[in-house]
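Me: Please take one part of this model and look at it closely. I want its surroundings, its packing and any unusual backbone angles.

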Amino acid sequence: MPRAGIKDDVRGVRAVTAGARASRDAEFTEFVEAASSSLLRAALVLLDSREDAEDALQVTMLRTYRRWEQAKQAPQAYARAVLVNACRERWRHRGRHPEISQDVDELANVVSFAEAVDRRHVLVRVLRRLPDIQREVLVCRYLLDATVAETATALDIAEGTVKSAASRGLDQRRQLLYDEDKRGRHVHPR
């Protein structure tokens with residue numbers, strides 16, 4: 001008779017665990033649907049290719065899911081920090097395993113089907129010319145719409161560094177866009 005009681009206990013634990021997992025999965029699925037597009041846009045700016053950006057997003061979502069109990073307190077901030085780290089890992093991987101990649105200028109010529117696309121390529125090219133910390137700060141602050149404090153936490157830097165990197169990055173971006181405009185690209189970011 002005691003064995004039947006143990007089986008019932010095991011079934012009860014499995015049912016509770018399945019219910020908790022379903023609730024967790026529903027919360028996470030809602031987060032993924034809400035955050036994926038902005039995180040992918042940020043990864044596209046930080047990395048050179050859509051494939052790399054999608055890989056970084058996949059890594060971000062997997063790591064966030066694994067730590068969901070911790071991450072769900074502030075899932076956007078947690079995912080931003082994970083995304084930046086995933087992009088940094090990709091940069092390091094490229095340094096150790098160089099690939100032949102297409103030049104952004106060639107891509108802009110191939111995909112010149114609309115003025116908006118050309119404007120985006122110029123802006124991305126300009127952002128890629130910024131130092132890593134400035135580019136990361138600008139992406140977090142203005143593309144992901146993070147606060148100074150959230151950006152500092154995501155990048156593991158001081159708030160003052162976020163402010164100065166944002167200021168310098170915007171100034172340098174402005175100058176680079178002016179230079180592009182002088183070369184005849186006529187880019188006017190919105």
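What follows is a close look at helix 8 and the stretches around it.

Reply: This is a predicted model, with local features kept at pLDDT of at least 70, side-chain atom pairs at 80 or more, and totals for chains, interfaces and linings taken over all residues. Residues are numbered from 1 along each chain as its sequence is written, and side-chain values use heavy atoms, without hydrogens or water.

First, the setting. The protein has nine helices and zero strands (DSSP runs of H or I, at least four residues, or of E, at least two, numbered from the N terminus). Of its 190 residues, 35% are buried (buried is under 20% relative accessible area, exposed over 50%, partly exposed in between, with a 1.4 Å probe and protein chains only). Take contacts between residues at least 6 apart in sequence: 65% of them join residues at least 24 apart (a contact is heavy atoms within 4.5 Å).

Now helix 8. The helix covers residues 148-155. Its buried residues are V148, T151, A152, A154 and L155. Viewed down the helix axis, they fall within an arc of 165°, so they line one face (the arc is taken over directions from the axis to the C-beta atoms). An α-helix has 3.6 residues a turn, so residues three or four places apart point the same way.

What does helix 8 pack against? One partner is helix 9, residues 159-182. Their axes come within 8 Å and cross at roughly 105° (axes are lines fitted to C-alpha atoms, for helices over the stretch in contact, and angles run from 0 to 180 degrees between N-to-C directions). The two helices are therefore roughly perpendicular (65 to 115 degrees; under 35 is roughly parallel, over 145 roughly antiparallel, the rest oblique). Helix 8 brings V148, A149, T151 and A152 to the contact. Helix 9 brings E159, V162 and K163. V148, T151 and A152 are also on the list of buried residues. By class, the contact holds four nonpolar, one polar and two charged residues (Ala, Val, Leu, Ile, Met, Phe, Trp, Tyr, Cys and Pro are nonpolar; Asp, Glu, Lys and Arg are charged; the others, Gly among them, are polar).

Helix 9 has another partner, helix 7, residues 132-143. These two pack at about 100°, with axes 8 Å apart. That makes helix 7 roughly perpendicular to helix 9. I133, Q134, V137, L138, R141 and Y142 of helix 7 meet V162, A165, A166, R168, G169, L170 and Q172 of helix 9. This contact divides into eight nonpolar, three polar and two charged residues. V162 meets helix 7 here, and V162 also takes part in the contact with helix 8.

Next, the flanks of helix 8. D145 sits in the loop between helix 7 and helix 8. D145 is exposed, at 64% relative accessible area. Its phi is positive, about 60°, although it is not a glycine. On the other side, D156 comes just after helix 8. D156 belongs to the loop between helix 8 and helix 9. It is exposed as well, at 72%. D156 also has a positive phi of about 60° without being a glycine. Most residues other than glycine have a negative phi.

To recap: helix 8 has one buried face. Helix 9 crosses helix 8 at roughly 105°. Exposed D145 lies in the loop before helix 8, and exposed D156 in the loop after it.
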